[in-house]
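Open the model in your viewer and keep a selection panel at hand. The stops below go from the whole chain to two helix pairs and then to the nonpolar cores.

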Amino acid sequence: MRAKILPQTDATRAAHLFAQWAHLICVLSANVRFRTDARDSAVRCTVTLPNEDVLDVSASSAEAAALEMMSTLNSRVLEAHSETGWDTEYQKILDKGNEPTEAVMHSESRHRASETSRTKERQDTIGVSSKRALQVAVGELADIRGDSVAAVARELVADGFEEFEKRSRCESPTKLLLNYESRLSALDGDDTVQWMVRLSRRLSIRLKLTAKEYGKSSSQLVAMCMADSLSRQQRLAESAATETELVLARAAVAAVKGPKVRRLAVEVGIGSYAPLVSGMLAGTIETPPKLLDAISASLDVSRIALKQVLAESFEESAVPAFKSEHVKPHVHLEPQKWEDAVRSLALSDDETTRLMKFKD
């Protein structure tokens, strides 16, 4: 049996469709962004679609996130094609022109670069003299995000300076700068390096004026702002438990019922006052740091995860039913203070003093 010959028009149409798909993938992948998620230590990958929808995937590494995004993006591009052709927004991309393969690969990035060069704000270059550790830390963050060192450095300076301006409205600017300076000095190593940071003209002027006002050089203030922003991001990352830790903590807290509540109260040093433990585990009573440490050790769970679970318990607690027609219900917007919870038990002065010391 002779094979059926495929008409040339069908082959041409199919090849054209394949080229359109490749063009769309190339154009859309040009706006891919990588960043770390402090909540679960994952790497997030995002791509903006023609209709302004944002594809957002996460994985344990940048490479795994990229592979996940490849599959997701491909599916969305294929969904945009039907028997009648491509969806309107996708067709607009294709209507920009049919270029050879090499041109298709780079036309969108060239177009964006030329548009940016015409519209972006003028930038100033500020020389920075800092410990090498600061430059290395900025470079590592840029690698994680899949962004350039210049872009990440610019973002960190802007974030650090914005934080300084915000806090200086209610705190002493001089003391704030001392804190910034000590944070910069605390970086590891003694090796120094000279490098450049490009900032928007507007930010550069504000920063230089502030530096002059408080007797600092622009180089110092730029480095201090970067160090402060890095430090806050690191604290945020360290304060987030992994999903596995949260699952274990939730299970451990849920298992503390009945007689186990009384046993836990004794183990952590509270004694026979089980209602205090019940309130802390429900998130309705503030948990002093000493007791948070003791409970996490007793339950064998992460302290950070336990703290998050107790906060979740308070946020997710249901509002009790209230049927009175004459008195309005009172809903607590935050957990009861430890001191108030202890005093509500009306214990002896000695016992009250003993329990109050957990807050010290």
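The tour takes a predicted model and says at each stop what to select.

**Whole chain**

Start with everything shown and coloured by secondary structure. The chain has 16 helices and 7 strands. Of its 360 residues, 34% are buried. Among contacts with a separation of 6 or more, 63% join residues 24 or more positions apart.

**Helices α5 and α6**

Select residues 132-145, which form α5, and residues 149-167, which form α6. The axes of α5 and α6 come within 9 Å and cross at roughly 110°. The two helices are therefore roughly perpendicular to each other, and their crossing is right-handed.

Now show side chains at the contact. From α5, pick Val138, Gly139, Leu141, Ala142 and Arg145; from α6, pick Val149, Val152, Ala153, Glu155 and Leu156. By class, this contact holds 7 nonpolar, 1 polar and 2 charged residues.

**Helices α6 and α8**

Keep α6 and add α8, residues 201-213. Here the axes lie 11 Å apart, and the helices pack at an angle of about 50°. That angle makes α6 oblique to α8. The crossing of α6 and α8 is left-handed.

For the side chains, select Val157, Ala158, Phe161, Phe164 and Glu165 on α6, with Leu203, Arg206, Leu207 and Thr210 on α8. The residues of this contact divide into 6 nonpolar, 1 polar and 2 charged.

**The largest nonpolar core**

Which residues touch the most other members of the largest nonpolar core? Select Ile270 and Trp338: among the 32 residues of this core, these two hold that place. At least two core residues come from each of α10 (243-254), α11 (259-267), α12 (274-282), α13 (289-299), α14 (303-316), α15 (338-343) and α16 (349-356). The most come from α12, which gives 5 residues.

Centre the view on Ile270 and show what surrounds the residue. Leaving aside residues up to four places away in sequence, Ile270 touches Ala265, Leu276, Val277, Met280, Leu291, Trp338, Arg354, Leu355 and Phe358.

**The other core**

Apart from the largest core lies another, of 31 residues. To find this second core, select Val152, Leu177, Leu203 and Met226, which are among its members. Two of these have already appeared on the tour: Val152 in the contact of α5 with α6, and Leu203 in the contact of α6 with α8.

Conventions: Residues numbered from 1 in each chain as written. Predicted model: local features only at pLDDT ≥ 70, side-chain atom pairs only at ≥ 80, totals over all residues. Heavy atoms only, no water. Core = buried A, V, L, I, M, F, W, Y, C linked by side-chain atoms within 4.5 Å. Buried < 20%, exposed > 50% of the residue type's maximum accessible area, 1.4 Å probe, protein only. Helix = DSSP H or I, 4+ residues; strand = E, 2+ residues; numbered from the N terminus. Contact = heavy atoms within 4.5 Å. Axes fitted to C-alpha atoms, helices over the stretch in contact; angles between N-to-C directions. Parallel < 35°, antiparallel > 145°, perpendicular 65-115°, else oblique. Left-handed = near helix turned anticlockwise from the far one by under 90°. Nonpolar A, V, L, I, M, F, W, Y, C, P; charged D, E, K, R; others polar.
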